[in-house]
Every structure is written in C-alpha cells, then in structure tokens.
Number of protein chains: 2
Amino acid sequence: MVDSIVEKIVNGDVRTAAKLIGDIDNRVPGTREILKALYKHTGNAYIIGITGAPGAGKSTLVDEMVRDLRLQGKTVGVLAVDPTSPLSGGAILGDRVRMQRHSLDEGVFIRSLATRGQFGGLTQSTRSVIDVFDAMGKDYIIVETVGVGQDEIDIAKSAHTTVIVVVPGMGDHIQAIKAGIFEVGDIFVINKSDRSDANKTLHDFKAMIDITRKRSTNGGWEPPILMAEAVNNKGIVELLIEIEKHRKTRKALSPESIIHNKKAIAQLELIDMMKIRLVEEVLNHITNSLEFKECLDCIVDGTKDPYSACDELLSAKLPDGLQQS
Amino acid sequence: MVDSIVEKIVNGDVRTAAKLIGDIDNRVPGTREILKALYKHTGNAYIIGITGAPGAGKSTLVDEMVRDLRLQGKTVGVLAVDPTSPLSGGAILGDRVRMQRHSLDEGVFIRSLATRGQFGGLTQSTRSVIDVFDAMGKDYIIVETVGVGQDEIDIAKSAHTTVIVVVPGMGDHIQAIKAGIFEVGDIFVINKSDRSDANKTLHDFKAMIDITRKRSTNGGWEPPILMAEAVNNKGIVELLIEIEKHRKTRKALSPESIIHNKKAIAQLELIDMMKIRLVEEVLNHITNSLEFKECLDCIVDGTKDPYSACDELLSAKLPDGLQQS
C-alpha cells in the first residue's frame, strides 16, 4: 500500500500526490508512514521561498517566474501557504484562478495549504508537502507565504533561497525592521517599482541591510535589491539570475559550512516536528478528558486559577521528572 | 516570599511589578508560583487590544488614548508586544521614548514584551503580564501588538475590546481579508485618514464587515469604522466613546452568553498555557540529550529520515498510549 503510493508519486502521478497533500493538510493519520518511505527520494529539488506583506504582488511574481522556468525546460512545484483568510480557509483567488494559466502544462504542479491545526503545525505541513513535490522530481519548488510571522520566518529558513517582496511606501523601512525579515532574506525585490517612492525604499533597504545582515555562514553573499514590475513582466529574468547566483554561492561554501547549515536546518525542522506531535497527541488527550472540562468550569466561576489548573492537568500526563520547572 | 511580592504588587509597587514582568519575559523558574497567588486579585481591569500592520500608527494612537484616559482620572497599563525586531529584540523606539512623556505620571505603567522563547510562548507571557497589571489595580490595560499573525489573533481574543488599526492604501481590502482580522475586530480605525484614499478604504471595509462578521455571541454589536489622525489627536475621543459603548454591549449580554464567552476564553488560554509548558519541558529534555544529537547527524548524512527520528525521540518520552497516531 505505502510502496505503491510512493512509486506513483516518484513517477509523478499528480492524482496520488494531490491526495497525499490533501491528507497532510487535513492531518489524516497514516500519512507519516508514507512520508517516511518517500523521504529517500527527496533532496534533489531547489527550494525557493517567496514572502512579503499581503498585497505586495507575490502571486503575480511567482506566476511570471514559473513561466520563465518552464521556458528553460525546468519542472516546477508551487506551494501557496495562506492560513490567514477567514473566508475561504485559504487564498480567496486561490488555486483555481492560478491553475488556469498552467492547467495544460504537466511540468507545473500548484497546490495551496491553509489549515492551521487546532494546535498549530502549519510549518510542519509545509515541509511535508515540499517533500512530496521533491519526491515527484520537480526541479524547482516555489513556496509562497503571506506575511511575516514566525511561521513564515521558519518556513523561509528551510528554503535554499529566500526572496522578500515589498512595495514602495507604507513605512517599509520601519515595517521591515519590525518584521525581522532582513535576517532571512537572500534577495529583496521592490515590486511595483514604477511608484514614485521606489527609490526611497531602495535607499532605506540598502541602509538596513548594511546594519543587520549576518555574513558569517553565507559565503559573503550580499543580498541584492532588485526593482520589478511583475504585472508587466519586468525584473523577472533578473530575479532568476540572482537566484542562480545565490545557488552557486551556496554550492561553493566549504564542506564544513555546508554541513553546519544542513544541521541547523535539520535541527529546526526536527524540533518543529516533535513540537507539533507532542502538542497534538498529549493535548488532544487532555482536552477530551472530563478533568479538562471541570477545570474550565472552576476557572470561569473563580474557584481555580489557570496556572494551577494547568499544573494539575499536565501532572497526570507528563512523564516523571519533567514537571519540576 | 511569594506573599510579600503579591502584597507589594497589589499595592501598586512599580519596582516589584517591573521585576516580575522581566522574569515572565525571561521565563525565570518560580514566577508561576507568584502568578498563582496573584490571580485572585485579577479580573477588575478592562482590557483593550490594539493591533494592525507595522507603520499604521498604533503607538501614537495608544499614547493619545492614555492621555485622554488619564484626564478622566483612570489608571492605565500599556503592554507593547513586539517580538519581531531582530535589532533590539523589541520595538526600536521602545519603552524609553514612550516612557518619557508619562514618566512623571504614577497612574501610567508602560512595559514591553519581546522575547519569543525557543519554543514560542509569547501569547502566554502576554497574558501573565496582563494579570500583573490587573492585580496592580489598573483600570484599563492596553495591549498593543504588531502584525496579524496567529499570536496577535490569539492575544486579541483575550481582550475585552479589540481595535484594529489600518492606514489607507496598500491594498487594505485584500490585506485585511488575508489577515483574518475581521473575525476579531470590535472597532476599526482608519488612521492617517487625511490621505486621499481613505474613503475608498472605508468603503472596502464596510463591505468586508458585512460579509464576514459573526454576530452570534456579541449581542448584535456592529463594529464601527472610525476615521482618525492620531498625530493630530483627531478621532481619539470618538474611539474611547465607541470602546465604552462596546463595553456596555458586552455587559448587557445574557448571563448564558457571558459565561459562554468566558469559557471560550478560559479554554483558549488554558490550552495555550499547557501547550507551551508541555513543549518547553519535554522538548528541553529531548534537545539536551545525546540521542537528539545523534539523530541530527543521521539526518544530515542521509541514514535516517526526520519522521522516523521524531518517532524514536518521542517514544521514549511520551506516556504510554499517546504514541499511536
């Protein structure tokens, strides 16, 4: 069963892959066994993260990148991660509109993820879907995230090249500082650069990159700032050239640096995976218990404080020696 | 020891409260015992959440609100939650600038939180600091959060009245939909409303509120949309009036609705508290183990997949019967 699913996905079967991605998004039990078996077929794709504030034009940029990569004969997987819409549980325009353009092209596979589980775990689902795309043999995987929260930063850290997209104006300077994005951005794109304040934004960004950029483990890579107008297909070729340059810089790192970087990513991903499993399994167990409901009643009527309730509920479930802090 | 700390805080001792808040931010062991004892002194403050994108002018708005509340003779606690800045580990302008204006006023207490623990937990720290302000006897607690991630939405759910601040332009319409903010916003403020596209933003917001607003448990409250220019002190009085109206609507709910809402918040907060303790205690234990380091090496050299590594590391720590999913 697991073997035949894995074989189909490795052979690029879209239907099987789509089913598995849906199961990952919906936390269907048993998907982990498939992911375990699939893992040895991963590690070949180049993963590009695209992130930035809502309205920055990321989707258009990604569409243009896909078109250019297809012209180069590369296969592409696009994963749009958008957990923030209350209306549809995902991007409003969503897959359907975006699929249309590439719907007859077998070399492009577009999917979106929207489900943040009751206890989180979106970052984990994203990594699993990347594994699926990777096992399918896609040359490039583009992961598009909306916003600049911790999830987006964590997802960016798993990408090989992270592109930050901004638009001129709206206090970008301060906006960017607060967003912590300078730490994770390998390439910056000022989209909608026909706007009058684009040069000011460029100037601000240059200054900020000089201040904040960590250069220790990136082979001296200086994040370029590109101007683009995605809707007019301007700046896309330049972006793909910079991505290729960044890829080469990464490849040219010393073996020690490469292993150091790999280990840092593996650590981040493994901790994240344990975290969500721990929380989902133990908390599901507790929140379905009678004791949990009794504790809630006591908190509401003021006979118990939440800190003590938490102690009591956890002490029954946590292994010995883990409750003293 | 715990008793004397609690007594000092209940008597409004700023130094003791500041020390405790620092300990909460830094996850100092033992603070939970103080919070347990402090809890029975909470429940009197009115909690106002202010959130919105970076650069929307929230800090200025909050400063003006504080001034007006002080003129009414109310005491105020302000908590600025800003975990996203890599530069300072907090808001760049930060407490220091903001404190100056109110530094001689004993009725105002301003603090900021910036530390997202290795495994998260900022939402939890925020609630604990609110408890401290509350026990100090502040009439109003204003919690200012930056951005629209899940943390901010969870914090907003704990507030009595949540104010969403936006600025005209920059695709607010789409921006807001994606941010999921319509679900948590009780009052919307279009700040910098002297900008030319303010009316368009107003129009867009009205339409979106009509579509998305859940009216079931809020006593029929229709979220108003206010125009403001915080830098010119325009719209602040109107905002405080709407907050007072919302407070009255909440008070006028049926006893069943009030209990229902209280229970929903207690549940959210208790789950969040268990989650962070579970993760911090169990994961700290695992990540300090030799097995964890060995697993990382195996993942990096390709001899183990992360899904299996996760299974192995957790199976030793999870109580029986919780590992089957």
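Start in chain B of this predicted model and select helix 7. The elements covering its buried residues include strand 1 (46-52), strand 2 (76-81), helix 6 (122-135), strand 4 (140-146), strand 5 (161-166) and helix 11 (255-287) of chain B. Which residues of helix 7 of chain B are buried? Show residues 150-158 and pick out Asp151(B), Glu152(B), Ile153(B), Asp154(B), Ile155(B) and Ala156(B).

**Stop two: strand 3 of chain B**

Stay in chain B and move to residues 108-113, which make up strand 3. Six of its six residues are buried, so expect a strand that is mostly covered. Turn it around and you will find cover on both faces: Val108(B), Ile110(B) and Ser112(B) are buried on one side, while Phe109(B), Arg111(B) and Leu113(B) are buried on the other. Now add strand 2 of chain B, which runs parallel to strand 3 of chain B and is joined to it by six bridges. To see one of these pairings, select Val76(B), whose bridge partner in strand 3 of chain B is Val108(B).

**Stop three: the sheet of chain A**

Switch to chain A, where you can colour 13 helices and seven strands. In what order do the seven strands lie in the sheet? Follow them as 3-2-4-1-5-6-7; the sheet is open and its pairing is parallel. At the edges you will meet strand 3 (108-113) and strand 7 (225-227) of chain A. Each has a single partner strand, so one of its sides has no neighbour in the sheet. Looking along the sheet, neighbouring strands are turned against each other by 20 degrees on average, direction ignored.

For a closer look, select strand 5 (residues 161-166) and strand 6 (residues 187-190) of chain A: these run parallel and are joined by four bridges. Click on Ile164(A) and then on Phe188(A), its bridge partner in strand 6 of chain A.

Next, bring in helix 4 (residues 58-71) of chain A, which lies across strand 1 (46-52), strand 2 (76-81), strand 3, strand 4 (140-146), strand 5 and strand 6 of chain A. Helix 4 of chain A runs at about 175 degrees to strand 4 of chain A.

**Stop four: two helices that cross**

Keep chain A and display helix 7 (residues 150-158) with helix 11 (residues 255-287). Their axes are 9 Å apart, and the two pack at an angle of about 135 degrees. That angle makes helix 7 of chain A oblique to helix 11 of chain A, and their crossing is left-handed. Where do they meet? Select Asp154(A), Lys157(A) and Ser158(A) in helix 7 of chain A, then Ile265(A), Leu268(A), Glu269(A) and Asp272(A) in helix 11 of chain A. By type, the residues of this contact are two nonpolar, one polar and four charged.

**Stop five: two positive phi angles**

Most residues other than glycine have a negative phi. Go to the loop between helix 2 (14-25) and helix 3 (31-38) of chain A to find Arg27(A). Arg27(A) is not a glycine, yet its phi is positive, at about 55 degrees. Is Arg27(A) buried or partly exposed? With 16 other C-beta atoms within 10 Å, Arg27(A) is partly exposed.

Then jump to the loop between strand 6 and helix 9 (198-212) of chain A, where Lys192(A) sits. Its phi is also positive, near 55 degrees. Lys192(A) counts as buried, with 21 C-beta neighbours inside 10 Å.

**Last stop: the whole of chain A**

Zoom out to the 325 residues of chain A, of which 46% are buried. Among contacts in chain A between residues at least 6 apart in sequence, 76% join residues at least 24 apart.

Methods: Residues are numbered from 1 along each chain as its sequence is written. Chains are lettered from A and ligands numbered from 1 in the order in which they are written. This is a predicted model: local features need pLDDT of at least 70, side-chain atom pairs count only at pLDDT 80 or more; totals for chains, interfaces and linings use all residues. Axes are lines fitted to C-alpha atoms, for helices over the stretch in contact, and angles run from 0 to 180 degrees between N-to-C directions. Angles under 35 degrees count as roughly parallel, over 145 as roughly antiparallel, 65 to 115 as roughly perpendicular and the rest as oblique. A crossing is left-handed if the near helix is turned anticlockwise from the far one by less than a right angle, and right-handed if clockwise. Two residues are in contact if their C-beta atoms, placed from the backbone, lie within 7 Å. Ala, Val, Leu, Ile, Met, Phe, Trp, Tyr, Cys and Pro count as nonpolar, Asp, Glu, Lys and Arg as charged, and the others, Gly among them, as polar. Two strands pair if DSSP finds at least two bridges between them. A residue is buried if 20 or more other C-beta atoms lie within 10 Å of its own, exposed if 12 or fewer, and partly exposed in between; C-beta atoms are placed from the backbone.
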